[in-house]
Amino acid sequence: MGDGFFKNSYSSKINAFLLIRIAFEGKKSELVRIIMEFPISKVLLRVKKAVRGFRTPSVTVISQKNDPFAVLVSCIISLRTRDEVTEPASARLFKLAKNPAQLMKLPNAKIEKAIYPAAFFRNKAQSLKELCKNLVENYDGQVPDKLEELLKLKGVGRKTANLTLILGHDKPGICVDIHVHRISNRWGYVQTKTPDATEMVLREKLPRRYWKGYNDLLVTFGQNICKPVSPFCGSCAIADTCPKVGVTTRRGAS
Ligand code: SF4
C-alpha cells in the first residue's frame, strides 16, 4: 500500500468527519431555530384543547371556592401527594376548620386523621397549626396577597406561594412544579436545571396573559400526555413543533 492509499483514506476520513459535523451542526442549528422560535401561543392553544376531558388538578378544584386560605392549606396537603388523596383530605379538614383561628385550635391528632393518607401527614398537621397561629397573630387571620409575605411563612415555598397568589387571590404569578419545569425544558422554551430557575426565566419571557393558567394546563398535560417517563409523543398534539429536548424514550411513532 502506497502513500496514495493513506492519502485517500485520510482524506475520506476527513470528508466523513466533515459530513458528520455538518449534519450535526445542521441538526443543532435546526434545534436552535426551533427553540428560538418556539410558538408558545399556538402551543398553549393546542395543549388547552388536548387536555379537555382530563381530570382538573385538585388545588384548582378547591380554588373554585375563591378562598385563599383553602388554596394555601390544600397546596400544603398536596405536596408529594396524589390529587386523588389531596381533594378528599382537604374536604375532611375544611369540615373541621374553615379559617386559621379554627384550625390552630384543633388537636394535632384530629388534623392528622383528617388529612391521612397525605404524605408526611404528621409533619403537615404540625406545620398547618404553626402556619395558622402565625396568620392569626401577625396577619389578622388573613392569607397575605404578596409573594414576599407568603414566602415568609414557614413551610411555604415558591410553588405554594405562587399558586396561592394565582388561585387564591387571582393575582399574577408563575407556579413552577415538576411538570412545568420538565415540559418547559422539553419544549426548549427554557434551558434550566431547577424549578426556581425555570420560574425566573418564565417571568422574563412568558407573556403575562399566560401566567395564571400555565401551571394548570401543564400539570394536566404532564399527568396525562407529556409524562415524566416515556411521554406519549406519538399521539401528542404538538409533536410537530416540540424539539423533545432530553426525551430518550417515548410512546407512539413520533
Ligand atoms: S411531543 Fe413528546 S415531549 Fe413534546 S410535548 Fe408532546 S409528549 Fe411532550
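The following questions and answers concern the helices and the nonpolar core of a predicted model.

Q: How many helices and how many strands does the chain have?
A: Read along the sequence, the pattern consists of α elements. The chain accordingly counts 0 strands and 13 helices.

Q: What percentage of the 254 residues in the chain is buried?
A: A residue counts as buried if 20 or more other C-beta atoms lie within 10 Å of its own. By that criterion, the buried part of the 254 residues is 35%.

Q: Which helix gives the largest share of the largest nonpolar core?
A: This core has 55 residues, and Val71, Val73, Leu93, Ile115, Leu128 and Phe221 have the most contacts inside it. The largest share amounts to 8 residues, and these come from residues 68-78, helix α4.

Q: Why does the largest nonpolar core lie between two domains, and which domains are they?
A: The core comprises 55 residues. It lies between the two domains because both give residues to it: domain 1 (38-54 + 175-235) and domain 2 (67-169).

Q: Are α4 and α5 parallel or oblique to each other?
A: Their axes are 10 Å apart and the packing angle is about 130 degrees. Ala70, Val73, Ser74, Ile77 and Ser78 of α4 meet Thr86, Ala89, Ser90, Leu93 and Phe94 of α5. An angle over 145 degrees would count as roughly antiparallel, and 65 to 115 as roughly perpendicular. The angle of α4 and α5 falls in neither range, and the two helices are therefore oblique.

Q: Is the crossing of α4 and α5 left-handed or right-handed?
A: Helix α5 covers residues 83-96 and packs against α4. The way α4 passes α5 is right-handed.

Q: With which residues is isoleucine 115 in contact, leaving aside its neighbours within four places in sequence?
A: Ile115 is one of the residues with the most contacts inside the largest nonpolar core. It also belongs to the α7 side of the contact with α8. Leaving aside neighbours within four places in sequence, its partners are Ile77, Ala89, Leu93, Phe121, Lys124 and Ala125.

Q: At roughly what angle do α7 and α8 cross?
A: Helix α7 spans residues 108-115 and helix α8 spans residues 121-138, and their axes come within 9 Å. From α7, Asn108, Ile111, Glu112 and Ile115 make the contact, while the α8 side includes Phe121, Ala125 and Leu128. The crossing is right-handed. The angle makes α7 oblique to α8, at roughly 125 degrees.

Q: What share of the contacts with a separation of 6 or more joins residues 24 or more positions apart?
A: Two residues are in contact if their C-beta atoms lie within 7 Å. Among such contacts with a separation of 6 or more, residues 24 or more positions apart account for 57%.

Note on methods. Residues numbered from 1 in each chain as written. Predicted model: local features only at pLDDT ≥ 70, side-chain atom pairs only at ≥ 80, totals over all residues. Core = buried A, V, L, I, M, F, W, Y, C linked by C-beta atoms within 7 Å. Buried ≥ 20, exposed ≤ 12 C-beta atoms within 10 Å, placed from the backbone. Helix = DSSP H or I, 4+ residues; strand = E, 2+ residues; numbered from the N terminus. Domains from an automatic or database assignment. Axes fitted to C-alpha atoms, helices over the stretch in contact; angles between N-to-C directions. Parallel < 35°, antiparallel > 145°, perpendicular 65-115°, else oblique. Left-handed = near helix turned anticlockwise from the far one by under 90°.
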